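Here are some exercises to try with the structure open in front of you. Have a go at each task before you read the solution.

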Amino acid sequence: MRILVIEDHQDIAASIYDYLEELGYVMDAAGDGVTGLHLAVANNYDVIILDLGLPGIDGIDLCRRLRQDAKSTTPVLMLTARDSLESKLAGFDSGADDYLVKPFALQELAARVKVLTERVTRAPASRLQVGDLTLDAEAHEVRRAGQRIELNPTAFRLLTYLMQNTHRLVKRDELENAVWNDDPPDSDALRTHLSNLRQAVDKPFAHPLLHTVRGFGYRLTEHADD
Ligand code: CA
């Protein structure tokens, strides 16, 4: 597993580098955005750890260029010192998969990196699970806390996609694309189907799994404030 750290703060970069190298990852590092982008495009990494505030090209811009210009799908874990919703959303909007707010524990960083690498290597599973919610794609069966939940085909596709991407926020247009291939029936269709999905999956239970991030998208997780 090969990891690129793009971080201009030398002490933070060094501690990440050493900690992950100790865990067996092959590490590369860049101290500015231009070098980081160059390395990210030139090599194949399993995860890129990307600081938000960088000299040269900042993290948001770098991530956007990586996704849009270089068509890279390498998972990006964004590091941010700004614990504001705006910077997180800007990070996700640029194509980051996850974020961590500084200061963070290295164990936490390693855990997030592991999740992102598993997402890459994991074969598409026919059985998905988030908390007490399970979805069996082959049997076309959804259960929560053992109770069978009936869903129409659209809600089933929505739920499948959200469960496959439980580690991150999913944008509205991405969700529409996943379900209707860029051709949503109308602008309110997604909202309606999600509302039905919420009724079926969350309403009868104590803990909601489907979370709305207003103006941005959705996340299906048992960790509400994650
Ligand atoms: Ca920085």
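**Exercise 1. Find the residue in β2 that stands opposite Ile6, then describe how β1 and β2 are connected.**

Step 1. Keep in mind that you are working with a predicted model. Start at Ile6 and look across to β2: the residue opposite is Ala30.

Step 2. Now take in the whole pair of strands. β1 and β2 are joined by five bridges and pair in the parallel sense.

Step 3. Follow the chain from one strand to the other. Together with helix α1 (residues 10-22), β1 and β2 form a β-α-β unit, and this unit is right-handed.

**Exercise 2. Look at the other neighbour of β1, strand β3, and work out which residues face each other.**

Step 1. Strand β1 (residues 2-6) runs parallel to β3, with four bridges between them.

Step 2. Pick out the facing residues. Leu4 has Ile48 of β3 opposite, while Ile6 has Leu50 of β3 opposite.

Step 3. Check how covered β1 is. Four of the five residues in β1 are buried, so the strand is mostly covered.

**Exercise 3. Put the strands of the open sheet in order and name its edges.**

Step 1. A reminder helps here: strands of a sheet pair through backbone hydrogen bonds, either parallel or antiparallel.

Step 2. This open sheet has five strands, in the order β2-β1-β3-β4-β5, and the pairing is parallel.

Step 3. Look for strands that pair on one side only: these are the edge strands, β2 (26-30) and β5.

Step 4. Consider the twist. On average, neighbouring strands of this sheet are turned by 20 degrees against each other, direction ignored.

**Exercise 4. Decide whether the residues of β4 are buried or exposed, and trace the partners of Met78.**

Step 1. In a regular strand the side chains alternate between the two faces of the sheet.

Step 2. Apply this to strand β4 (residues 76-80). One side carries Val76, Met78 and Thr80, the other Leu77 and Leu79, and all of these are buried.

Step 3. Trace the partners of Met78. In β3, Leu50 stands opposite Met78; in β5, the bridge partner is Tyr99.

Step 4. Follow the chain from β3 to β4. The path goes through helix α3 (residues 59-68), and this β-α-β crossover is right-handed.

Step 5. See where that helix sits. α3 lies across β1, β3 and β4, at about 170 degrees to β4.

**Exercise 5. Describe how helices α6 and α8 pack, and which kinds of residues meet there.**

Step 1. Two packed helices are described by the angle between their axes and the distance between the axes.

Step 2. For α6 (residues 153-164) and α8 (residues 189-201), the angle is about 80 degrees and the axes are 10 Å apart. The two helices are therefore roughly perpendicular.

Step 3. List who meets whom. From α6 come Thr154, Ala155, Leu158, Leu159 and Leu162; from α8 come Leu190, His193, Leu194, Leu197 and Val201.

Step 4. Sort these contact residues: eight are nonpolar, two are polar and none is charged.

**Exercise 6. Is Thr134 buried or exposed?**

Step 1. Locate Thr134 in strand β7 (residues 133-136).

Step 2. The relative accessibility of Thr134 is 13%, so this residue counts as buried, the cut-off being under 20%.

Step 3. Look at the surroundings. Beyond its neighbours within four places in sequence, Thr134 is in contact with residues including Arg127, Glu141 and Met163.

Notes
Residues are numbered from 1 along each chain as its sequence is written. This is a predicted model: local features need pLDDT of at least 70, side-chain atom pairs count only at pLDDT 80 or more; totals for chains, interfaces and linings use all residues. Side-chain values use heavy atoms; hydrogens and water are left out. Axes are lines fitted to C-alpha atoms, for helices over the stretch in contact, and angles run from 0 to 180 degrees between N-to-C directions. Angles under 35 degrees count as roughly parallel, over 145 as roughly antiparallel, 65 to 115 as roughly perpendicular and the rest as oblique. Contact means heavy atoms within 4.5 Å. Ala, Val, Leu, Ile, Met, Phe, Trp, Tyr, Cys and Pro count as nonpolar, Asp, Glu, Lys and Arg as charged, and the others, Gly among them, as polar. Buried means under 20% relative accessible area, exposed over 50%, partly exposed in between (1.4 Å probe, protein chains only). Two strands pair if DSSP finds at least two bridges between them. A crossover is right-handed if, with the strands pointing away from the viewer, the path from the first strand over the helix to the second runs clockwise.
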